[in-house]
Amino acid sequence: METNPCNKLLNVGFSIPSKVSRAIKPDDTIVNVNGVLTGGPEIIIIAGPCAVESQEQLFDTARAVKVSGAMILRGGAFKPRSSPYSFQGMGEEGLILLSSIRAETGLPIVTEVMDPRQVELVGKYADMLQIGSRNMQNYPLLKEVGMTRKPILLKRGMMATIEEFLLAAEYILNQGNDQVILCERGIRTFETSTRNTLDLSAVPMLKRLSHLPVIVDPSHGTGLRWMVPAMAKAAVAVGADGLIMEVHYKPEAALCDGHQSLDLDEFETLMTDLRKIALAVGREIS
Ligand code: PEP
Ligand code: MN
C-alpha cells in the first residue's frame, strides 16, 4: 500500500491510504448527486423514511421534506434487519416508488445496496448507492460499487476505527470511483442509554485526513427521536458537510426505526434551526 508523507505529521498512528488522503489531494472532493453538490459551501440535507413502506407513506413524507428544504430523499428498499423475521423492505417495488417520487419532486434518491448481485438493479433506480454500516467491510460489495460511476454513501461500520473506515473508502476509490461521501452514524461503546455513541470527533478527524465529504446520521447515531435535533445541530457546528436523517409522516406507525424518526413538523422546525447554525459556521443551507 502506498502511504503518504503526511502520516508522521498527522500522528494518527496509522498509514493513511493514498487515494482518500488529503495529503495527496489537498482540495475537497465535491460529490455530485444528480446536481446536488456535497462537500462545497452548502450543507446537504438528506431526509426520508428508514424504509419505503407504501406509496402513501413515501410520497407524503417526500413531499413534506422537500417543502422543508431537504435536497436528497432517502428510503431503503432492501433493508439490513437484525432479525430475519422483521420487515425486509419492498425490494424492486420500493425502488419503483422512489423513482416515481423523484420524477414528481426532483429530489435525487439514495437507497441501500446490500449485495454485489443487486448493484446493477439498485443502480438502475438510485442516484446514490448507500453502503450500510453492516456492510462497510463487505469487500466484494465495495469493489462492485467502485466499478460503477454512481456516487456512494459509505456508512461507518459500527465497530470500525477511522483507519478501517478510510480503508473501506479506499477500496471504492481504488476501482476508479472517487464520488464517495463518508457518513459517521455512531459506534458501539459500553454506553446503553443511546442506540450507538455518535462519534462527532470523527468529523474533524476525517476532514483533516481525507478530501472526501463527511456527513452525519444522528438518527442511527442516537436511536432517540428527541435527541436527533441536538446532535444534528452539533454535527453542523463541528464541520459536517451534511446530514442524513430519518423522517416519517407517522413515526408511531413506522415498520422500521419509528422511535428514531422525526415527524414532519419536527423536521421543519429543525431545518429552521440548522440554517442559523450553518450561517454561524460560514456555511449555508438553501
Ligand atoms: C439506514 O440508514 O437505514 C441504516 C440501516 O443505517 P446503518 O447502516 O447506519 O445502520
Ligand atoms: Mn433506519
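1. Where does Ser133 lie? In this predicted model, Ser133 is placed in the loop between β6 (128–131) and α5 (139–146). The points below begin with the barrel, move to the two ligands, and then return to single residues, Ser133 among them.

2. The barrel. Eight strands form a closed barrel in the order β3-β4-β5-β6-β7-β8-β9-β10, and their pairing is parallel. On average, neighbouring strands of this sheet are turned by 25 degrees against each other, with direction ignored. Strand β3 (residues 44–48) is joined to β10 by 5 bridges, and these two strands run parallel. Within this pair, Ile44 stands opposite Gly242 in β10. A student may wish to follow the strands in the order given and then locate this pair.

3. Helices lying across the strands. Helix α3 (residues 92–105) lies across β4 (72–74) and β5 (109–112). The direction of helix α3 is at about 170 degrees to β5. Helix α7 (residues 202–209) lies across β8 (180–184) and β9 (214–216). Here the angle between helix α7 and β9 is about 165 degrees.

4. The metal site. Which protein atoms are the donors of the manganese ion (ligand 2)? They are Cys50 (SG), His220 (NE2), Glu246 (OE) and Asp257 (OD), at 2.0 to 2.4 Å from the ion. Along the chain, the donors follow the spacing C-x169-H-x25-E-x10-D. The pair His220 and Asp257 links distant parts of the chain, with their positions 37 residues apart in sequence. His220 belongs to helix α8 (residues 218–222), whereas Asp257 belongs to the loop between β10 (242–246) and α10 (264–280). Both His220 and Asp257 are buried.

5. Asp257 in more detail. Asp257 counts as buried because its relative accessibility is 12%, and the limit for buried is under 20%. Leaving out residues up to four places away in sequence, Asp257 touches Cys50, Arg195, His220 and Glu246. Three of these names, Cys50, His220 and Glu246, also appear among the donors of the manganese ion (ligand 2). With Arg195, the side chain of Asp257 makes a polar contact of 3.2 Å. The backbone of Asp257 also deserves attention: its phi is positive, about 60 degrees, although Asp257 is not a glycine. Most residues other than glycine have a negative phi.

6. The surroundings of ligand 1. There are 13 residues around ligand 1, and those that come nearest are Arg74, Lys79, Ser133, Arg134 and Arg185. A backbone N or O atom of Ser133 is 2.7 Å from an oxygen atom of ligand 1. For Arg185, an N or O atom in the side chain lies 2.6 Å from an oxygen atom of this ligand. His220, a donor of the manganese ion (ligand 2), also has a polar side-chain atom 3.4 Å from an oxygen atom of ligand 1.

7. Ser133 and its contacts. Is Ser133 buried or exposed? Ser133 counts as buried, because its relative accessibility is 9%. The side chain of Ser133 reaches the backbone nitrogen of Met158 at 3.0 Å. A polar contact of 3.4 Å joins the side chains of Ser133 and Arg185. When neighbours within four places in sequence are left aside, the residues in contact with Ser133 are Lys155, Arg156, Gly157, Met158 and Arg185. Arg185 is also one of the residues that come nearest to ligand 1.

8. Ala278 in helix α10. Ala278 is found in helix α10. Since its relative accessible area is 0%, Ala278 is buried. Beyond its neighbours within four places in sequence, Ala278 is in contact with Ile43, Val236, Arg283, Glu284 and Ile285. Ala278 and Met90 are separated by 188 residues in sequence, and their C-alpha atoms are 36 Å apart in space.

9. Asn34, an exposed residue. Asn34 is located in the loop between β1 (31–33) and β2 (36–38). At 52% relative accessibility, Asn34 counts as exposed, because the limit for exposed is over 50%. The phi of Asn34 is near 50 degrees, a positive value in a residue other than glycine. A positive phi is likewise found in Asp257, but Asp257 is buried, whereas Asn34 is exposed.

Technical notes. Residues are numbered from 1 along each chain as its sequence is written. Chains are lettered from A and ligands numbered from 1 in the order in which they are written. This is a predicted model: local features need pLDDT of at least 70, side-chain atom pairs count only at pLDDT 80 or more; totals for chains, interfaces and linings use all residues. Side-chain values use heavy atoms; hydrogens and water are left out. Donors are N, O and S atoms within 2.8 Å of the metal (3.2 Å for Na, K and Ca); water is not among the atoms, so sites may look incomplete. Helices (H or I, at least four residues) and strands (E, at least two) are DSSP runs, numbered from the N terminus. Buried means under 20% relative accessible area, exposed over 50%, partly exposed in between (1.4 Å probe, protein chains only). Two strands pair if DSSP finds at least two bridges between them. Axes are lines fitted to C-alpha atoms, for helices over the stretch in contact, and angles run from 0 to 180 degrees between N-to-C directions. Contact means heavy atoms within 4.5 Å. A residue is near a molecule or strand if one of its heavy atoms lies within 4 Å of it. A polar contact is a pair of N or O atoms within 3.5 Å; within protein, one must be able to donate a hydrogen and the other to accept it, and residues adjacent in sequence count only if both atoms are side-chain atoms.
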